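Q: I'd like a close look at how the helices pack in this one. Could you walk me through it?

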Amino acid sequence: MDAHNLSQRLLTVASFVEEGARLADIGSDHAYLPAYLALNGKLSYAVAGEVVKGPYENAQHVIRKEGLENQVVARLADGLAAITEADEIDTITICGMGGPLIVDILSRDPSKLARHPRLILQPNVGESSVRQWLCQNNYHLENEVILSEDKHTYEILVANYQSGPQMVLTAQELKYGPYLMTEKNSAFVAKWQAKITKLQKVQAQLQKAKEVPTIKMAALTSEIEEIEAMLYG
Ligand code: SAM
């Protein structure tokens, strides 16, 4: 992967960045996403924020190598501390981190979200905590995508701020994603089928115990049935 050839995951994220955006990519280890967008004429301006020095230097290197210094700036900073009011950021991408870390980054300083930027988030795990944060902070899901690449499954959540009533998601929608569980594409079915297989393996292990833990077994059965009903019900 480089600034000219993104992974399918980052290409999908890029496809949700609107023409002329002022983007902050937080956790931008090579600045590939903002560099790609700038090279393709889709950005007005971008900040590539990185908290670790090595990845930050990689981002600086890519920006210089691609001649994008006038459009993309790398900043060594923790989370949204990378952006200032003067940046006039209207879009934030946070990709390739756990959901709880994404929530932590979004929650730390509400003033950084005062302009209500469009959010494009790609949690590696803990997607439900991100959906929960969106509900609680007046963000409404515009779209969700799930895709498989290199034996990993990725979920991408796209959300916009709306004043007025908050988005309300059921427990199932928080867990599976309202768009994803409606579409049920092959990556989605494979993800949840793999989860069923994993839970069944745990059950098979527990079954071998001298005293089978019945409460735990029942909880696993109930979770398996819930996933099956969602997938095939
Ligand atoms: N966003 C890129 C992508 O999706 O390919 C890079 C993902 S990489 C797995 C996660 C990056 O986030 C790392 O470079 C890490 O240093 C950075 N990171 C983690 N916590 C951060 C924080 N609080 N602020 C800024 N960057 C952070």
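Let's start at the N-terminal end: at what angle do the axes of helix H1 and helix H2 cross, and within what distance do they come?

A: Bear in mind that this is a predicted model. With that said, helix H1 covers residues 8–15 and helix H2 covers residues 32–39; their axes cross at roughly 55° and come within 10 Å. Angles that are neither under 35 degrees, nor over 145, nor from 65 to 115 count as oblique, so H1 is oblique to H2. As for handedness, H1 and H2 make a right-handed crossing. On the H1 side the contact uses Leu10, Leu11, Val13 and Ala14, and H2 answers with Leu33, Tyr36 and Leu37. Sort those by class and you get seven nonpolar residues, with no polar and no charged ones in the contact of H1 with H2.

Now set that beside H4 and H5. Helix H4 (residues 99–107) and helix H5 (residues 127–136) have axes that come within 7 Å, crossing at roughly 25°. That angle makes H4 roughly parallel to H5. The crossing of H4 past H5 is right-handed. From H4, the residues in contact are Gly99, Pro100, Ile102, Val103, Leu106 and Ser107, while H5 brings Ser129, Val130 and Trp133. Here the contact of H4 with H5 splits into six nonpolar and three polar residues, with no charged ones.

Further along the chain comes the pair H8 and H9. Helix H8 runs over residues 186–207 and helix H9 over residues 214–232, and they pack at about 160° with axes 10 Å apart. So H8 is roughly antiparallel to H9. H8 and H9 cross in the left-handed sense. H8 puts in Phe188, Val189, Trp192, Gln193, Lys195, Ile196, Leu199, Gln200, Val202, Gln203, Leu206 and Gln207, and these meet Lys216, Met217, Leu220, Thr221, Glu223, Ile224, Ile227, Glu228, Met230, Leu231 and Tyr232 of H9. The class count for the contact of H8 with H9 is 14 nonpolar, five polar and four charged residues.

It helps to put these pairs on the domain map. The assignment gives domain 1 as 8–170 and domain 2 as 187–232. Between the C-alpha centres of domain 1 and domain 2 there are 34 Å.

One last stop, away from the helices: the aromatic rings. Searching the whole structure turns up three aromatic pairs. One of them joins Tyr139 and Tyr161, whose ring centres lie 5.7 Å apart with planes at 80°, so the pair is edge-to-face. Tyr139 belongs to strand E6 (residues 139–149) and Tyr161 to strand E7 (residues 152–161), so the pair ties together parts 22 residues apart in sequence.

Technical notes: Residues are numbered from 1 along each chain as its sequence is written. This is a predicted model: local features need pLDDT of at least 70, side-chain atom pairs count only at pLDDT 80 or more; totals for chains, interfaces and linings use all residues. Side-chain values use heavy atoms; hydrogens and water are left out. Axes are lines fitted to C-alpha atoms, for helices over the stretch in contact, and angles run from 0 to 180 degrees between N-to-C directions. Helices (H or I, at least four residues) and strands (E, at least two) are DSSP runs, numbered from the N terminus. A crossing is left-handed if the near helix is turned anticlockwise from the far one by less than a right angle, and right-handed if clockwise. Contact means heavy atoms within 4.5 Å. Ala, Val, Leu, Ile, Met, Phe, Trp, Tyr, Cys and Pro count as nonpolar, Asp, Glu, Lys and Arg as charged, and the others, Gly among them, as polar. Domain bounds come from an automatic or database domain assignment. Rings of Phe, Tyr and Trp (its six-membered ring) pair if their centres lie within 6.5 Å; planes under 30 degrees apart count as stacked, over 60 as edge-to-face and the rest as tilted.
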